[in-house]
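Work through the exercises below with the sequence and the 3D view open. Try each task before reading its solution.

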Amino acid sequence: MRHFVEAQKRVVVFSPDNTPVVFVDTGDEVVFETLDCFSNQIRTCEDRLESLDWNQVNPATGPVFVNGAEPGDVLEVQILDVKVREQGVMATGKGLGPLGERFEAYYTKIVKIENSKAIFNDLELNVEPMVGVIGVAPKEGTINCGTPGSHGGNMDTRYIKKGARVFLPVFVKGGLLALGDLHALMGDGEVCGTGVEVAGEVVTVIKVRKDLKLRNPMVVCDGKVFAIASAKTLDEAVKEAVCDMFEFVMSRTNMSSEELVMLFRIVGNTEISQVVDPLVTARFSMPMDVLERLGVSI
Ligand code: CA
Ligand code: ZN
């Protein structure tokens with residue numbers, strides 16, 4: 001079955017107490033309409049960050065209750081398409097990212113999007129639409145949609161795009177999946193604080209996976225498998241991502257742990273997703289074809 005979830009049906013926190021806006025079955029197609037990370041409050045260059053209603057920032061469309069998803073399962077979200085609207089916005093300034101101390105105020109910039117190009121002054125840059133926020137409800141408490149974690153959330157990982165499969169551990173019945181914060185384009189690190197923030201639509205197929213156990217999110221995209229972890233420091237996030245990949249592969253092969261570590265060293269890559277959200281996000285990737293030759297699939 002196909003479901004359409006309007007952007008008005010949104011949350012700004014991931015929580016087991018959020019009321020589901022739709023109930024879907026495993027294998028259903030779900031289209032999420034999304035606002036941008038400022039809830040579309042910045043429409044012109046005159047709209048300033050200072051005058052935003054910050055309670056509306058980082059909305060995620062949902063949550064979607066997936067029938068049959070139980071704590072300990074995994075949700076697989078296949079991203080069939082990410083469509084972005086014709087205008088994006090960027091913001092930077094005081095305290096945002098590694099260059100934040102150079103600025104005294106906040107700045108916004110409108111970036112038009114035409115024919116799959118983001119128009120940045122005279123530069124026409126190919127868009128690569130991605131999903132910044134995708135997550136499920138934590139076991140208890142609430143997590144702001146601007147914060148990443150084991151539940152997913154604001155991972156700002158540019159591989160969460162068309163063709164990707166995103167795997168999220170389920171903590172509560174139904175999972176309560178929500179997503180938003182599309183970027184027409186974003187580099188690793190998101191160093192100024194935003195990508196080209198844009199409203200749009202994400203077409204997904206959602207499946208319940210009873211055969212997988214995960215502690216943190218994983219993503220498959222562009223021929224690679226990524227373990228994704230968020231923590232207070234990059235050191236901790238990297239360690240967690242590498243450990244997750246290690247456990248994932250170890251439990252599926254006969255390889256010794258020494259050999260697997262060596263293999264990690266020659267074909268695995270440690271990468272940074274973002275360094276600007278309240279927690280930072282790192283990922284460790286392995287080529288899918290190497291894993292498949294070891295008999296590992298996901
Ligand atoms: Ca984000
Ligand atoms: Zn964003």
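**Exercise 1.** Locate Pro129 in this predicted model. Which loop holds Pro129, and is Pro129 buried or exposed?

*Solution.*
- Step 1: Find the flanking strands. Pro129 sits in the loop between β11 (123-126) and β12 (130-135).
- Step 2: Check accessibility. Pro129 has a relative accessibility of 18%. The cut-off for buried is under 20%, so Pro129 counts as buried.
- Step 3: List the contacts, leaving out residues up to four places away in sequence. Pro129 touches Val82, Val84, Lys161, Lys162, His183 and Ala184.
- Step 4: Compare sequence with space. Arg158 is 29 residues from Pro129 along the chain, and their C-alpha atoms are 8.2 Å apart.

**Exercise 2.** Describe the surroundings of Val30. Which strand holds Val30, and which residues does Val30 touch?

*Solution.*
- Step 1: Place the residue. Val30 belongs to strand β5, which spans residues 28-34.
- Step 2: Check accessibility. The relative accessible area of Val30 is 0%, so Val30 is buried.
- Step 3: List the contacts, not counting residues up to four places away in sequence. They are His3, Val5, Val24, Val64, Val202, Val203, Thr204 and Ile206.
- Step 4: Take one long sequence separation. Val30 and Val205 are 175 residues apart along the chain, with 6.0 Å between their C-alpha atoms.

**Exercise 3.** Set Gln78 against Arg102. How far apart in space are Gln78 and Arg165, and how far apart are Arg102 and Glu29?

*Solution.*
- Step 1: Place Gln78. Gln78 lies in strand β7 (residues 74-84).
- Step 2: Classify Gln78. Its relative accessibility is 24%, so Gln78 counts as partly exposed.
- Step 3: Find the partners of Gln78 beyond four places in sequence. These are Ala164, Arg165, Val203, Thr204, Val205 and Lys207.
- Step 4: Read the first distance. Gln78 and Arg165 are 87 residues apart in sequence, yet 4.4 Å apart from C-alpha to C-alpha.
- Step 5: Turn to Arg102. Arg102 is in the loop between β8 (87-93) and β9 (106-114). At 67% relative accessibility, Arg102 is exposed.
- Step 6: Read the second distance. Arg102 and Glu29 are 73 residues apart along the chain, and 46 Å separates their C-alpha atoms.

**Exercise 4.** Work out the metal site. Which residues donate to the calcium ion (ligand 1), and which residue bridges the calcium ion and the zinc ion (ligand 2)?

*Solution.*
- Step 1: Name the protein donors of the calcium ion. They are Asn154 through OD1, Asp156 through two OD entries, and Asp181 through OD. They lie 2.2 to 2.5 Å from the ion.
- Step 2: Write the spacing. The donor residues follow N-x1-D-x24-D.
- Step 3: Check burial. Asn154 has a relative accessible area of 3%, so Asn154 is buried. Asp156 is at 1% and is also buried.
- Step 4: Find the bridge. Asp181 links the calcium ion and the zinc ion, which are 3.2 Å apart.

**Exercise 5.** Inspect the backbone. Where is the cis peptide bond, and which residue other than glycine in strand β17 has a positive phi?

*Solution.*
- Step 1: Find the cis bond. Gly62 and Pro63 are joined by a cis peptide bond, with omega about 0 degrees. Pro63 is in strand β6 (residues 60-66).
- Step 2: Look at β17. Leu176 is in this strand, residues 175-183. Its phi is positive, about 60 degrees, although Leu176 is not a glycine. At 5% relative accessibility, Leu176 is buried.
- Step 3: Look at the loop between β5 and β6. Asn58 is found there. Phi of Asn58 is near 60 degrees, again positive in a residue other than glycine. At 14%, Asn58 counts as buried.

**Exercise 6.** Describe how α1 packs on α2. At what angle do they pack, and which residues meet?

*Solution.*
- Step 1: Choose the descriptors. Two packed helices are described by the angle between their axes and the distance between the axes.
- Step 2: Read both values. α1 (residues 234-250) and α2 (residues 257-267) pack at about 125 degrees, with axes 11 Å apart.
- Step 3: Classify the pair. α1 and α2 are therefore oblique. Their crossing is right-handed.
- Step 4: List the contact. Val242, Met245, Phe246, Val249 and Met250 of α1 meet Ser257, Leu260, Val261 and Phe264 of α2.
- Step 5: Sort by class. This contact has 8 nonpolar residues, 1 polar and no charged ones.

How values were computed:
Residues are numbered from 1 along each chain as its sequence is written. Chains are lettered from A and ligands numbered from 1 in the order in which they are written. This is a predicted model: local features need pLDDT of at least 70, side-chain atom pairs count only at pLDDT 80 or more; totals for chains, interfaces and linings use all residues. Side-chain values use heavy atoms; hydrogens and water are left out. Donors are N, O and S atoms within 2.8 Å of the metal (3.2 Å for Na, K and Ca); water is not among the atoms, so sites may look incomplete. Buried means under 20% relative accessible area, exposed over 50%, partly exposed in between (1.4 Å probe, protein chains only). Axes are lines fitted to C-alpha atoms, for helices over the stretch in contact, and angles run from 0 to 180 degrees between N-to-C directions. Helices (H or I, at least four residues) and strands (E, at least two) are DSSP runs, numbered from the N terminus. Angles under 35 degrees count as roughly parallel, over 145 as roughly antiparallel, 65 to 115 as roughly perpendicular and the rest as oblique. A crossing is left-handed if the near helix is turned anticlockwise from the far one by less than a right angle, and right-handed if clockwise. Contact means heavy atoms within 4.5 Å. Ala, Val, Leu, Ile, Met, Phe, Trp, Tyr, Cys and Pro count as nonpolar, Asp, Glu, Lys and Arg as charged, and the others, Gly among them, as polar.
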